[in-house]
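Subject: Structure handover

Hello,

I am passing on the structure we spoke of, followed by notes on what was found in it. Please look it over before reading on.

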Amino acid sequence: DDEKADDLARRALAIQKEIVGLRAKYYKRIRKAVSARRGAQFVQVESALDALMDIKIASALPLIR
């Protein structure tokens, strides 16, 4: 129903927001400790791995009807 769909969507968006926040937090730490280039590489690799995991998870989930 609409209520359950809304809850699922809000939770998924909250998780994505948390992931972006963590990635930004670690980028700042890496940039400060090593370099901005290494920090950017971290962001690039993390983003690619997250995309792969998202595809794997999405392919296993049924579509909302």
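Leucine 52 counts as exposed because its relative accessibility is 56%, and the cut-off for exposed is over 50%. Please keep in mind that this is a predicted model.

Leucine 52 is part of helix H2, which covers residues 36-60. On the surface, Leu52 joins Val45 and Leu49 in a nonpolar patch of about 290 Å².

Next, the pockets. The largest pocket has a volume of about 370 Å³. It is lined by 15 residues, and those closest to its centre are Gln16, Ile19, Asp50, Asp54 and Ile57. Helix H1 (2-33) and helix H2 each contribute at least two residues to this lining. The biggest share comes from H2, which gives six residues. Sorted by class, the lining of the largest pocket holds 10 nonpolar, two polar and three charged residues.

The second largest pocket encloses about 250 Å³ of space. Its lining consists of Leu8, Ala9, Ala12, Leu13, Gln16, Leu61, Pro62, Leu63 and Ile64. Eight of these residues are nonpolar and one is polar, with no charged residue in the lining. Gln16 therefore is the polar one, because glutamine falls outside the nonpolar and charged classes.

One residue to look at in both places is Gln16: it is among the residues closest to the centre of the largest pocket, and it also lines the second largest pocket.

Regards

Notes:
Residues are numbered from 1 along each chain as its sequence is written. This is a predicted model: local features need pLDDT of at least 70, side-chain atom pairs count only at pLDDT 80 or more; totals for chains, interfaces and linings use all residues. Side-chain values use heavy atoms; hydrogens and water are left out. Patches are made of residues with over 30% relative accessible area and no salt bridge: like charges are joined within 9 Å, nonpolar side chains (Val, Leu, Ile, Met, Phe, Trp, Tyr) within 5 Å. Accessible areas come from the Shrake-Rupley method with a 1.4 Å probe; for residues, only the protein chains shown count as cover. A salt bridge is a side-chain nitrogen of Lys or Arg within 4 Å of a carboxyl oxygen of Asp or Glu. Helices (H or I, at least four residues) and strands (E, at least two) are DSSP runs, numbered from the N terminus. Buried means under 20% relative accessible area, exposed over 50%, partly exposed in between (1.4 Å probe, protein chains only). On a 1 Å grid over the protein atoms alone, a cavity is a set of points where a 1.4 Å probe fits but cannot get out, and a pocket is an open set with protein on both sides within 12 Å along at least five of seven lines; lining residues have an atom within 4 Å of a point. Grid points are joined across faces, edges and corners, and a volume is the space filled by probe spheres set on the points.
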